[in-house]
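Biologist: Could you take a close look at one part of this protein for me? I'd like to hear about the helix that holds leucine 358 and what sits around that residue, plus anything else that helps place it.

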Amino acid sequence: MSDQTRTSSPIELDPVDQCPPGGRLFTLALQHVLVMYAGAIAVPLIVGGALGLPKDQIAFLINADLLCCGLVTIIQALGVGRFGIRLPVMMGVTFAAVGPMVAMATNPELGINAILGSGIAAGLFGILFAPLVSRALPLFPPVVTGSIIAVIGISLIPVAINWSAGGQPSIRNATTGLMVDNPAYGSPEYLAIAAIVLVVVLAITRYGRGFLSNVAVLLGMGVGFAIAIALGKVSFDGLSDVPWVAVVTPLHFGMPIFDPISIATMCLVMVVVMVESLGMFLALGELTGRQLSRDDLTRGLRTDGLGTLIGGFLNTFPHTSFSQNVGLVGVTGVKSRWVCVAGGAILMAFGLFPKMALIIASVPQYVLGGAGLVMFGMVAATGIKILLAADLRNNRFNLYIVALSVGAGMIPMVAPRFFQQMPHALEPLLHSGILLSAITAITLNLFLNGGRRTPGSDAIEPAMAH
């Protein structure tokens, strides 16, 4: 080959920066949206119910949530100045803030305006605090990151299991307000449809080629949705009552209330959110083959704060990077951040056009469950893959780190009342399995291994060759 030929050859783009053509881009983006949609609208439903808001105002909260999720997703995946990690990340409202927000919602002196005010303050705190969190990168060798990411996946798997069974085993009685057994939980029809979705995803993954294999999860959910419609299990009630266009006005509920205790609590939530996001970013670095620098992590964590700040003005709640979608990157092998940029645009459209959002919201949870088992398990598998780079064979201390950090991360999942005697202010910390796992792994690594630095501690290198 001549020198002229070599110099004229195009340089191949990093898969993260490659943008699929229009039709494929939309389909892959819609797949990401479907995966995270149920989680995205769950928090405004819970908080709106705690506030006692009427149905139209809860619908407004959902619209505001979707609009903000989409906007912050675009910033995170595309990158705007000093914000955005520029990886395939979908943003959504964090469940870590639900407990404190419900407590504020039920306090007549606080309410929605204190929730939004504390979110604005916590968002500013997150933007300023992000560089300090990213400086902790040397504390995350493979034995620590692998353990944390494995716990992220394991803690998500029960969500997929409950989805497959049709929701939660206990539901609130509309008349008495008490929690009662869900009579439909574990219905054979639900389990069968979830199993069909799982089989379709696996079959397409095994025998599909190219783009078909990339959208295995979407096709599996499409088959499950079609079966549910055919069986009469899907309701589109209320579609005619929903307007075509809804405008989200900033500070819809009035001026925010900046209560010091609420702000301190929400800042604590932001610390939890940023530690969880750090683990998810490291997992994405492994899945995409990207070396993540301290600056990369700072931009990503700073966007969590920005999303929370914007959310306070747009009538919604603290934001985080959604771990569900990390698993989807692992399942499909599609690493393009432009897919998530397009996903953000779809979410914004759902926030502005409520009829579209209601149709997507009609997808039953058991349809999502079959696909969720694959995706969330993939996050756990990624953690195990990273642990392969840790010296587990010759360093017996590392086995203790893995064993105890995974065990600590399981506490909130298997024993939700384990810390019920502890101060209420510590609830955001003690009820996050990911944070408990991170604290345990980092502390044990410093104690047992002396915090010895390894080459490349300023950039997380993929644990295995891609």
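Modeller: Here's a walk through that part, starting with how far to trust the model.

This is a predicted model, and the chain averages a pLDDT of 85, with 94% of the residues scoring at least 70. Two stretches need a bit of care. Residues 1-9 have a pLDDT below 50, and beyond near neighbours in sequence that stretch makes one contact in the model. Residues 453-466 also stay under 50, though the model gives them 34 contacts beyond four places in sequence.

Now to your residue. Leucine 358 is in helix α14, which covers residues 354-361. Setting aside neighbours within four places in sequence, leucine 358 touches Tyr37, Phe236, Asp237, Gly238, Leu239 and Val242. Valine 334 is another story: 24 residues away along the chain, its C-alpha is separated from that of leucine 358 by 27 Å.

There's also a nonpolar surface patch to look at, made of Trp244, Val245, Val247, Leu352, Phe353 and Met356, with about 600 Å² of accessible area together. Of these, valine 245 belongs to the loop between α9 (216-230) and α10 (260-288).

Carry on along the chain and you get to α15, residues 365-387. Its 23 residues span 32 Å from first C-alpha to last, close to the 33 Å expected at 1.5 Å a residue. Still, α15 has a kink of about 40°, centred on alanine 371.

For the wider setting, the whole structure has seven salt bridges. One of them pairs aspartate 14 with arginine 290, with the closest N and O atoms 3.0 Å apart. Aspartate 14 sits in the loop between α1 (3-8) and α2 (22-51) and arginine 290 in the loop between α10 and β4 (292-293), so the pair ties together parts 276 residues apart in sequence.

Terms used
Residues numbered from 1 in each chain as written. Predicted model: local features only at pLDDT ≥ 70, side-chain atom pairs only at ≥ 80, totals over all residues. Heavy atoms only, no water. pLDDT = per-residue confidence, 0-100. Contact = heavy atoms within 4.5 Å. Patch = residues over 30% accessible without salt bridge, like charges linked within 9 Å, V, L, I, M, F, W, Y side chains within 5 Å. Areas by Shrake-Rupley, 256 points an atom, 1.4 Å probe, with all protein chains shown as cover. Salt bridge = Lys/Arg side-chain N within 4 Å of Asp/Glu carboxyl O. Helix = DSSP H or I, 4+ residues; strand = E, 2+ residues; numbered from the N terminus. Expected span 1.5 Å × (residues − 1). Bend = angle between axes of the 7 residues up to and from the residue.
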